[in-house]
Amino acid sequence: MSKTYKIAVLPGDGTGPEVIGEGCKVLDAAAQKFGFKFQKVSYDLGGTRYLATGETLPDSVLAELRTFDAIYLGAIGHVDVKPGILEKGVLLRLRFELDQYINLRPVKLYPGVGSPLRDKGPDEIDYCVIRENSGGLYTGIGGLSRKGTKDEVAVQEMVYSYAQVERCIRYAFEYARKHGKKARGVGSANTLALVGKSNVLTYMYELWNRVFAEVGAEFPDVKREYYHVDATCLYMVASPEMFDVIVTENMFGDIITDLAAITQGGLGVAAGGNINPGGVSMFEPIGGTAPMWTGKNAINPVAAIGAGAMMLNALGEEAAGNAIEAAIMATTPKMKSQMANQMGFTTTQVGDLVAAAL
Ligand code: IPM
Ligand code: MN
């Protein structure tokens, strides 16, 4: 009997439904080819539902989402909704409630895709960022006091427990062992770099560095490095080839993965996973809702399709996930650009090309 995966599809707002539609097209083609099935259920979470009902993520929906094998998310955001409401109410709440403590962001320049890094190609831009996704500044601890006076103070605390740091670093070592450059046959070592700011955030990096060394001792086959986050930004532009797997805390990871995304061709290409290795994970193109291109069949679905491939890998369907990635790599050289409306194809045509390449 073939396996059936229960997937919650959250197309969301703006161009989310268009790119998720192409992603589902490719996922269905992969299921057929590799002999498994999907049972997909759609949920209308997002700005449109919020404006109509005032709901962001109802508890009943959250309870249902806990029963799926994975979540496939388009994009959430709406021009008429105040910034923060949907981010906190849907995206961040899902991450916290489902304890998706890893944000996995592959940074790979596909063939034929233009990078703003003039002298760097697919061989140089080929690494991965593992962002801690449950703590740090995102914990929401802090407050304002003496509000409305000149003595007003705002505090937002960077908070990490040993356990949070340990589980993230352990995941990163395991990932580097399995998917590092040596494991993929493109380098002489599997390397994990901790990115932080140990010269200023001395308490925080006493903890992170200690855990990094402690857990690292269990992984003698993974080479360890440390870089400050500011220097990392510089290296990501000047010499991205020095990176293999990076692990970093939540806010630093948020910032450096946007920089990484533009080096791999931008938001049309970049995909990510919010992962709970023992629970329900959520995969998304990181591009957002692109309101300007909504309904025009002009947005790039490559990132959403790539997120679908990551989802299959996480479900254990690695042959299918890798085949989708290979199909993307067969398609990108045919595209004129990865920018919306400049691809030389429509959104649906790009989906068709990838599905055909499968
Ligand atoms: C991301 C986004 C989110 C984050 C926002 C939308 C809350 O920027 O997934 O990188 O900061 O994590
Ligand atoms: Mn971000």
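**Pockets and helix packing in the predicted model**

By class, the residues lining the largest pocket comprise 22 nonpolar, 8 polar and 9 charged. The structure described here is a predicted model. Rolling a probe the size of a water molecule over the atoms shows where empty space is left. The volume of the largest pocket is about 1,100 Å³. Its lining is made up of 39 residues. Closest to the centre of this pocket are Leu-104, Tyr-175, His-179, Met-310 and Asn-313.

Both strands and helices contribute to the lining of the largest pocket. Two or more residues come from each of strand 4 (102-108), strand 5 (126-132), strand 11 (271-275) and strand 12 (281-285). The helices that do so are helix 5 (162-179), helix 9 (302-315) and helix 10 (318-331). Helix 9 gives the most, with 6 residues. The lining also draws on two domains. At least three residues come from domain 1 (1-101 + 270-358), and at least three from domain 2 (116-263).

The second largest pocket holds about 620 Å³ of space. Its lining has 28 residues. Glu-87, Leu-91, Arg-95, Glu-284 and Ile-286 lie nearest the centre of this pocket. By class, the lining has 12 nonpolar, 8 polar and 8 charged residues. At least two lining residues are supplied by each of strand 3 (70-75), helix 4 (85-97), strand 4, helix 8 (250-263) and strand 12. Helix 4 has the largest share, 5 residues. The second largest pocket lies between domain 1 and domain 2, because both domains give residues to its lining.

Some elements recur in the two linings. Strand 4 and strand 12 each give two or more residues to the largest pocket. Each of these strands also supplies at least two residues to the second largest pocket.

Helix packing was examined next. Helix 1 (residues 16-34) takes part in a crossing with helix 10, where the two axes come within 10 Å at roughly 130°. Helix 1 is therefore oblique to helix 10. The crossing of helix 1 past helix 10 is right-handed.

Helix 1 also meets helix 9. The axes of this pair come within 8 Å and cross at roughly 45°. Helix 1 and helix 9 are therefore oblique to each other. Their crossing is right-handed. Both partners of helix 1 are among the elements that line the largest pocket, since helix 9 and helix 10 each give two or more residues there.

A further pair is formed by helix 5 and helix 6 (residues 202-216). These helices pack at an angle of about 45°, and their axes are 9 Å apart. Helix 5 is thus oblique to helix 6. Helix 5 passes helix 6 in a right-handed crossing. Helix 5 is also one of the elements that give two or more residues to the lining of the largest pocket.

Notes
Residues are numbered from 1 along each chain as its sequence is written. Chains are lettered from A and ligands numbered from 1 in the order in which they are written. This is a predicted model: local features need pLDDT of at least 70, side-chain atom pairs count only at pLDDT 80 or more; totals for chains, interfaces and linings use all residues. Side-chain values use heavy atoms; hydrogens and water are left out. On a 1 Å grid over the protein atoms alone, a cavity is a set of points where a 1.4 Å probe fits but cannot get out, and a pocket is an open set with protein on both sides within 12 Å along at least five of seven lines; lining residues have an atom within 4 Å of a point. Grid points are joined across faces, edges and corners, and a volume is the space filled by probe spheres set on the points. Helices (H or I, at least four residues) and strands (E, at least two) are DSSP runs, numbered from the N terminus. Ala, Val, Leu, Ile, Met, Phe, Trp, Tyr, Cys and Pro count as nonpolar, Asp, Glu, Lys and Arg as charged, and the others, Gly among them, as polar. Domain bounds come from an automatic or database domain assignment. Axes are lines fitted to C-alpha atoms, for helices over the stretch in contact, and angles run from 0 to 180 degrees between N-to-C directions. Angles under 35 degrees count as roughly parallel, over 145 as roughly antiparallel, 65 to 115 as roughly perpendicular and the rest as oblique. A crossing is left-handed if the near helix is turned anticlockwise from the far one by less than a right angle, and right-handed if clockwise.
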